Amino acid sequence: MKDRPLVDKDGKGIQFAGEVAVDFCRIVDGQPNVYLLQTTIPLERESQLLPQPGQFYMIRSAKSSVQFNRPISVYSAQEIRKEKNRQVCIQFLILQKGEGTRELCHLLPGEKMNLLGPVGNAFSSVADLKDKENKICIVGGGIGVAPVAFFASSLKPESYDFYASFKSGSYGLENIRARNLVVTTDDGSVGIKGMLPAALNAQTVKEKGYTCIYACGPTPMLSYVQGLAKECGIKAYLSVEHRMLCGVGACLGCTIKTRAGVLRVCKDGPVFDSDILLFQSPLPRSVPLAQNDQPDLGVTICGVHFKNPVFAASGTFGYGESYRGFADVAEWGALCSKGTTLESRDGNAGERIIEIASGNINSIGLQNPGLDEVIKNELPDMMSLEPVTILNLAGSDIASYAEGARLLDATDVPMIELNISCPNVKTGGHAWGMNPDAAFECVSAVRAATKKPLMVKLSPNAPDLRAVALACIKAGADALSLVNTFSATAIDIETGRPFFNNIRAGMCGPAIKPLALRMVYDVVEEINKLPEEDRVPVVGIGGITTWQDAVEFIMAGAVAVEVGTGVFTNPHVARDITEGLSAFMKRKGYKTVYDFCGLAQR
């Protein structure tokens, strides 16, 4: 394909990009996460390409919450001609993994999806098929069976042997007409028990007289096939997977290092001569916990014990009452109160919230009834709940911060979260957390007013967040939580005016997660340079909605996480995250959160 022109004689594209309807999408029998999806693509011109074995399409549901298409290999393709109309009926085997594939796997007949392709090279475009009549060995592993099954169907029946390896059961073999079909399964449910080496090894290759291997599957399997081919002195062509954005070679995001230089999987592949591929050494396999062993999710911060590391973030759970009728509040490790100031506040005037891609911008303005009212009427009920109570204290000047801390010191609240992202009225509205000197002054004053554990919440808008973090520690912070919202704005295009009265507001939600994660990593990295006795724990905040998000923050060095806007769409988010964490820890053999806390820093 790489040698063909990208347009026909009239300058029109020879590939397809557009919306198509789903013919059907159904689950594959015995495979809870594998689906067969079929669509029919109109071919407007004779010059338009039909998909070849090994090629793929970039696909996304037309109504999708994800930004980019997913690369899905062609499982089968058949050209259909009806009078002057020309179409191609294509089937895809899809493994449901993330949100993009989940959406595809649950499309109904007639629903639309965006499709671009065919893209990539084909087995026939890179391989020497002089042996296509005999001595060919084809290998598919898991969902990687799809492209090699399509390749096998293009060959003469019984001119090849086919090996398929699965974790459990089998699928995608309906069109295989092999001389010998051999199936292996990890659990022994079908065929030979074990992985590919249980059926295909150097002795097998030599006995069968194979002269070439064609394979697609997980990287460890491809690495094994590469070594096998080299040991036996035969050729191998491997179809590899990679994350992609464009799928057409433009973004350079799916490159891999090879002996032939840096190549693009989408354009130079996905099928490669195995001689040029460089596979990294596999990581050691994790040893799961014993069946009866349960991981301990408990963490301790500043002497305060939490049953799990998932906290409700300030401003998203009120004073513990907001979601009590919808979900079990006891699922949280801690509840951080609404930001509370010494005096009551009405909050900001005008519009307060606007949704953006994967998040929101909000301008609430710390609306709250004031600290006296909270201590009298909110705090007792909040502390009667099972999760640990953390009171979020805000203010605009040193006196209000210090007085608020003094009042809280006389209560039984276990911990104070000090919000230094509030405007400093003496500096014209800049947040206390924007520079190290202001942060030091504020934290020092609060530290002098209370003996309670003090966790300082940092702003991501500080020019030097590391320096601010160190200043807070020097001033007496017992822990740090980060990050607060990012400064952002929105424009009303109908009026041509800023959407918010204050122009700037706080952006939060899943969109900020990678930025917040980087900042947590940076601050932990800086803290780790201190003498061990001066180090303080970190709680990560920012766009956390899944257990995978939580694991990332913990591996970056956070001992716990706060979940904010995630609870707005999923009241059970604390349960989902803790259950996911527990299953992950059991699978990986982690007995406590501390076993993988800061793992990415080591």
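These notebook entries record what I looked up in a predicted model of one protein chain.

**Entry 1. Overall make-up**

I began with the secondary structure and found 13 helices and 31 strands in the protein chain. I then took the extent of the C-alpha atoms along the principal axes, which gave a box of roughly 85 × 60 × 45 Å. Of the 602 residues in the chain, 51% are buried. I also looked at contacts with a separation of 6 or more, and 64% of them join residues 24 or more positions apart.

**Entry 2. Surface and charge**

I noted an accessible surface of about 27900 Å² for the protein chain. Carbon and sulfur atoms account for 51% of that surface. For the charged side chains, I recorded 60 positive and 64 negative. The centres of these two sets lie 7 Å apart.

**Entry 3. Cysteines**

How many disulfides does the structure hold? I found zero. I next asked why Cys25 has no such bond. The closest cysteine sulfur to that of Cys25 belongs to Cys105 and is 5.5 Å away, which is too far for a bond, because a disulfide requires the two sulfur atoms to be within 2.5 Å. Looking from the other side, I found that the closest cysteine sulfur to that of Cys105 is in Cys25. Are these two residues buried or exposed? Cys25 has 16% relative accessibility and therefore counts as buried. Cys105, at 2% relative accessibility, is likewise counted as buried.

**Entry 4. The hairpin of β20 and β21**

I turned to strand β20 (residues 353-356) and strand β21 (residues 359-362), which pair in the antiparallel sense over four bridges. I looked up the partner of Ile353 and found that the bridge leads to Asn362 in β21. Two residues stand between the strands of this hairpin. In this hairpin, Ser358 takes a positive phi near 60°.

**Entry 5. Helix α9**

Which residues of helix α9 (residues 465-475) are buried? I listed Leu465, Val468, Ala469, Ala471, Cys472, Ile473 and Ala475. For the spacing of such a list, I kept in mind that an α-helix has 3.6 residues a turn, so residues three or four places apart point the same way. I then asked what covers the buried residues of α9. The cover includes two helices, α8 (436-449) and α10 (513-527), together with the strands β24 (454-457) and β25 (479-482). Finally, I checked the position just after α9, where Gly476 takes a positive phi of about 120°.

Technical notes:
Residues numbered from 1 in each chain as written. Predicted model: local features only at pLDDT ≥ 70, side-chain atom pairs only at ≥ 80, totals over all residues. Heavy atoms only, no water. Buried < 20%, exposed > 50% of the residue type's maximum accessible area, 1.4 Å probe, protein only. Contact = heavy atoms within 4.5 Å. Areas by Shrake-Rupley, 256 points an atom, 1.4 Å probe, with all protein chains shown as cover. Lys, Arg positive; Asp, Glu negative; His and termini not counted. Charge placed at Lys NZ, Arg CZ, Asp CG, Glu CD. Pairing = 2+ DSSP bridges.
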